[in-house]
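Here's a quick briefing to read with the model open next to you. Take a look at the protein chains and the DNA first, then work down the bullets.

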2 protein chains.
Amino acid sequence: MEIRIGDLAKRSGCEVVTIRYYEKEGLLPKPARSGGNFRLYSDVHIERLQFIRHCRSLDMTLSEIRILLGLRDNPAQDCGDVNALLDVHIRQTEERVEALLQLKRHLLSLREKCSGARRIEACGILQGLSDCDHPGCNA
Amino acid sequence: MEIRIGDLAKRSGCEVVTIRYYEKEGLLPKPARSGGNFRLYSDVHIERLQFIRHCRSLDMTLSEIRILLGLRDNPAQDCGDVNALLDVHIRQTEERVEALLQLKRHLLSLREKCSGARRIEACGILQGLSDCDHPGCNA
DNA sequence: TAAAAACTCTATAGTCGCTATAGAGTCAAG
DNA sequence: CTTGACTCTATAGCGACTATAGAGTTTTTA
Ligand SMILES: [Zn+2]
Ligand SMILES: [Zn+2]
Ligand SMILES: [Zn+2]
Ligand SMILES: [Zn+2]
């Protein structure tokens, strides 16, 4: 059962151009071609693209995904690297959450500086952006 | 008191190329030039760059910053737009935090599927990336 | 005073993960 | 047999920088 790129796009919820991009980047193997030079995908491609899209939905980079796919293609080894990659990724996610929460506190402390519609010159927010007293602000 | 681009970079904690980039993007006005065609910055530039870098540290985009600078340069109006811009930015930050926390839950549920060093074929993480049972996962 | 080091200049290309466009070819339905 | 939907390749753009090359300027050192 071979499908064309548009059907694969619908199944996987991504754009046609994205699929071609993954092929160019070496994440998806080159598919067979029809007489009219259309790409023809089989089950292997469908599953592999789902894997890629799942990883992307988890915010992995294409090079992380490349690594995982490479491991998957070498089933003889053990999976320590997989677990390690995921651990790093989880930690990075936690760090980004922390950074964003810090950011939000900073933004809220700035927001408090202006109550309503003053003149621009008197706006505490703009003043705070020039000269900030938020703890830990390096600006 | 006029300083050169390298000194301005040190003061503001950003790269020389970034300063030139801001000039090209119209965020920093074109400075005076020395006899040897070096950029010469004054207090106005220093303060404006600090403002920009502070906004960037708050994760504002350059076009948001352009808007704020435009408002700052028109001190006659009231500051309602400033407050509104900040409110939108705060809400976006909250949404990103929520999305990241969701992501982290997803990653942790995946991580649980593999305890130790199995063979690649038996790794629950790789299997979960192909065929996920995490609630709300569309992959 | 001359050579070396440090700085600056412009212009251009690369990063990431797509997205958008142009211009041509292929295929199925009416 | 024409219309429309689909596909092909190649190229450029997004945002906010970063990196590089090759030339010119200024400061430091010998
Ligand atoms: Zn205000
Ligand atoms: Zn601050
Ligand atoms: Zn495992
Ligand atoms: Zn999932």
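How far does a polar side-chain atom of Tyr22(B) lie from a phosphate oxygen of DNA strand D? The distance is 2.8 Å, inside the polar-contact limit (a pair of N or O atoms within 3.5 Å; within protein, one must be able to donate a hydrogen and the other to accept it, and residues adjacent in sequence count only if both atoms are side-chain atoms). Bear in mind that this is a predicted model, where local features need pLDDT of at least 70, side-chain atom pairs count only at pLDDT 80 or more, and totals for chains, interfaces and linings use all residues. Residues are numbered from 1 along each chain as its sequence is written, chains are lettered from A and ligands numbered from 1 in the order in which they are written, and side-chain values use heavy atoms, with hydrogens and water left out.

**How the two copies are related**
- A turn of 180° with a shift of 0.0 Å along the axis lays chain B on chain A at an RMSD of 0.2 Å (least squares on the C-alpha atoms of residues with pLDDT of at least 70 in both).
- That is the relation of a two-fold axis.
- Val97(B) is the residue of chain B that comes closest to the rotation axis, with its C-alpha at 3.0 Å.
- Both copies use the same surface: 98% of the contact residues of chain B recur in chain A.

**Where chain B meets chain A**
- Contact (heavy atoms within 4.5 Å) links 52 residues of chain B with 52 residues of chain A.
- Together the two chains bury about 4,700 Å², 74% of it on carbon and sulfur atoms; buried area is the accessible area (1.4 Å probe) lost on putting two parts together, summed over both.
- His54(B), Ile120(B) and Leu129(B) supply 15% of what chain B buries here, more than any other three residues.
- The rule finds 4 salt bridges across this interface (a side-chain nitrogen of Lys or Arg within 4 Å of a carboxyl oxygen of Asp or Glu).
- Lys104(A) and Glu94(B) meet in a salt bridge, at 3.5 Å from N to O.
- H3 (43–57), H4 (62–72), H5 (80–111) and H6 (124–130) of chain B are the elements that each give two or more residues to its side of the interface; helices here are DSSP runs (H or I, at least four residues), numbered from the N terminus.
- H5(B) has the largest share, 19 residues.

**Around DNA strand D**
- Gly6(A), Arg20(A), Arg39(A), Tyr22(B) and Arg56(B) come nearest among the 19 residues around the strand (near means a heavy atom within 4 Å).
- Sugar or phosphate holds 89% of the strand atoms within 4 Å of the protein, and bases hold the rest.
- Arg56(B) has a side-chain N or O atom 2.9 Å from a phosphate oxygen.
- Tyr21(B) goes for a base: a polar side-chain atom lies 3.5 Å from a base nitrogen of the strand.
- H2(B) gives the most to this surface, with 3 residues.

**Around DNA strand C**
- Of the 19 residues around this strand, the nearest are Tyr22(A), Arg56(A), Gly6(B), Arg20(B) and Arg39(B).
- Gly36(A) puts a backbone N or O atom 3.2 Å from a phosphate oxygen.
- For Leu62(A), a polar backbone atom is 3.2 Å from a phosphate oxygen.
- H2(A) brings the largest share of the surface, 4 residues.
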